[in-house]
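Biologist: I am meeting this model for the first time and should like a close look at a single part of it. Please begin with one residue and work outwards from there.

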Amino acid sequence: LTSYNKIRNGEHSCIEMRENKLGQRGMYAKCDVEAGAWLAMSQPIAVYWDVENEAAPETKPTTAAEDVNDENSDEDHDNQPTSLRDTTREAKLILRTIEKIISTPSTWEDTLTHLYPRDTKTALALPPWICTDEETRLEVERQMKRLPTLSLFPSAENETICKDISLRLPLIVRYNAFLVETSSELFVYADLEENGLKCLSGVGLYGPELSYFNHSCTPNASKFSVGDVTFLFANRNIAKGSEICHSYISHEYLCESEQTRTAVLANDFSLEMNIEDTIAHE
């Protein structure tokens with residue numbers, strides 16, 4: 001597995017982490033990288049499989065992309081706000097990550113706290129995370145309130161750290177979780193109406209060794225998963241010094257208009273930011 005510490009310490013053979021003037025982190029090629037070269041391999045801090053979601057909603061939530069397509073196809077369509085995306089899987093992943101923190105408290109300081117948003121000020125400036133499933137939301141709140149009582153951290157810091165977790169963890173999951181899909185199996189097996197074989201798909205929270213790769217609508221890297229292990233590889237030759245990026249959105253959307261891609265990104269990440277920064281690598 002790829003070690004973030006090796007990347008941070010400059011010990012990885014072909015990638016390095018850099019920060020720009022705005023403090024945004026990204027991964028860059030230390031040398032010329034050939035197409036097909038393996039770049040990173042990571043196992044999630046926590047994962048939630050689709051097969052675990054026994055009570056799937058009867059209707060699919062409307063996505064921002066679908067709203068944009070509706071607007072383009074109907075001239076009389078009023079400008080209505082996009083439907084709230086379903087965040088139940090994110091909430092389940094938050095609960096799974098809390099379990100990981102309880103079993104291994106060092107996970108917070110060693111890994112999770114390095115993920116965006118990396119401080120309280122940044123977290124408070126972001127749109128709040130909202131859970132669309134009331135029962136799961138109450139369970140997240142219950143587990144967050146339980147954390148300080150477990151004395152997981154040094155007594156002088158326990159309450160402060162637990163407050164930080166309560167504020168930042170939902171946002172960390174929102175902005176850093178990846179779909180875990182073994183793509184070929186999702187299409188070749190039966191049960192296509194249910195998105196393929198559910199035991200091969202889910203959502204995972206990965207460490208900086210994967211999360212620090214930024215988005216591009218013309219990515220020079222692609223990812224795939226085998227079980228819960230995700231691999232990142234170069235999909236074309238990458239010159240030394242170039243930023244290495246993959247797509248945060250499904251590849252079928254990369255051929256859509258900028259308006260649609262922007263809507264998908266905004267919907268997936270609840271973005272309130274200059275979208276030019278998000279798609280700057282086009």
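In which helix is Ser 103 found, and what surrounds that helix?

Modeller: This is a predicted model, in which local features need pLDDT of at least 70 and side-chain atom pairs count only at pLDDT 80 or more, whereas totals for chains, interfaces and linings use all residues. Residues are numbered from 1 along each chain as its sequence is written, and side-chain values use heavy atoms, with hydrogens and water left out.

Ser 103 is found in helix α3, which covers residues 88-103. Helices here are DSSP runs of H or I with at least four residues, strands are runs of E with at least two, and the numbering starts at the N terminus. At 56% relative accessibility, Ser 103 counts as exposed; the term means over 50% relative accessible area, buried means under 20%, and partly exposed lies in between (1.4 Å probe, protein chains only). The C-alpha atom of Ser 103 lies 9.2 Å from that of Leu 152, although 49 residues separate the two along the chain.

Helix α3 meets α6 (134-146) and α7 (residues 155-176). Consider α6 to begin with. The axes of α3 and α6 come within 10 Å of each other and cross at roughly 20°. Such axes are lines fitted to C-alpha atoms, for helices over the stretch in contact, and the angles run from 0 to 180 degrees between N-to-C directions. The two helices, α3 and α6, are therefore roughly parallel, a term for angles under 35 degrees; over 145 is roughly antiparallel, 65 to 115 roughly perpendicular, and the rest oblique. The crossing of α3 and α6 is left-handed, that is, the near helix is turned anticlockwise from the far one by less than a right angle, while a clockwise turn makes a right-handed crossing.

On the α3 side, this contact (heavy atoms within 4.5 Å) is made by Thr 88, Ala 91, Lys 92, Ile 94, Leu 95, Ile 98 and Ile 102. Their partners in α6 are Thr 136, Glu 139, Val 140, Gln 143, Met 144 and Arg 146. By class, seven of the residues in the contact of α3 with α6 are nonpolar, three polar and three charged. Nonpolar covers Ala, Val, Leu, Ile, Met, Phe, Trp, Tyr, Cys and Pro, charged covers Asp, Glu, Lys and Arg, and the others, Gly among them, are polar.

Now turn to α7. Its axis and that of α3 also come within 10 Å, but the crossing is at roughly 125°, which makes α3 oblique to α7. The crossing of α3 and α7 is right-handed. From α3, Glu 90, Leu 93, Ile 94, Thr 97, Ile 98 and Ile 101 take part, and from α7, Ile 165, Leu 169, Pro 170, Val 173 and Arg 174. The residues of the contact of α3 with α7 comprise eight nonpolar, one polar and two charged. Ile 94 and Ile 98 of α3 appear in the contact with α6 as well as in the contact with α7.

The loop between α6 and α7 contains Ser 151. Phi of Ser 151 is near 50°, a positive value in a residue other than glycine. Ser 151 counts as exposed, with 55% relative accessibility. Another backbone feature lies in the loop between α4 (106-110) and α5 (120-124), where Pro 117 has its place. The peptide bond from Tyr 116 to Pro 117 is cis, with omega near -5°. As background, most residues other than glycine have a negative phi, and most peptide bonds are trans.

To set helix α3 in its context, the protein chain has 11 helices and 10 strands. Of its 282 residues, 43% count as buried. Among contacts in the chain with a separation of 6 or more, 73% come from residues 24 or more positions apart. The accessible surface of the chain comes to about 15,300 Å², with 48% of it belonging to carbon and sulfur atoms; the areas come from the Shrake-Rupley method with a 1.4 Å probe, and for residues only the protein chains shown count as cover.

A buried serine offers a contrast with Ser 103. Ser 247, in the loop between β10 (245-246) and α10 (258-269), is buried, with a relative accessible area of 7%. Leaving aside neighbours within four places in sequence, Ser 247 is in contact with His 215, Ser 216, Pro 219 and Leu 254. Ser 103, by contrast, counts as exposed.
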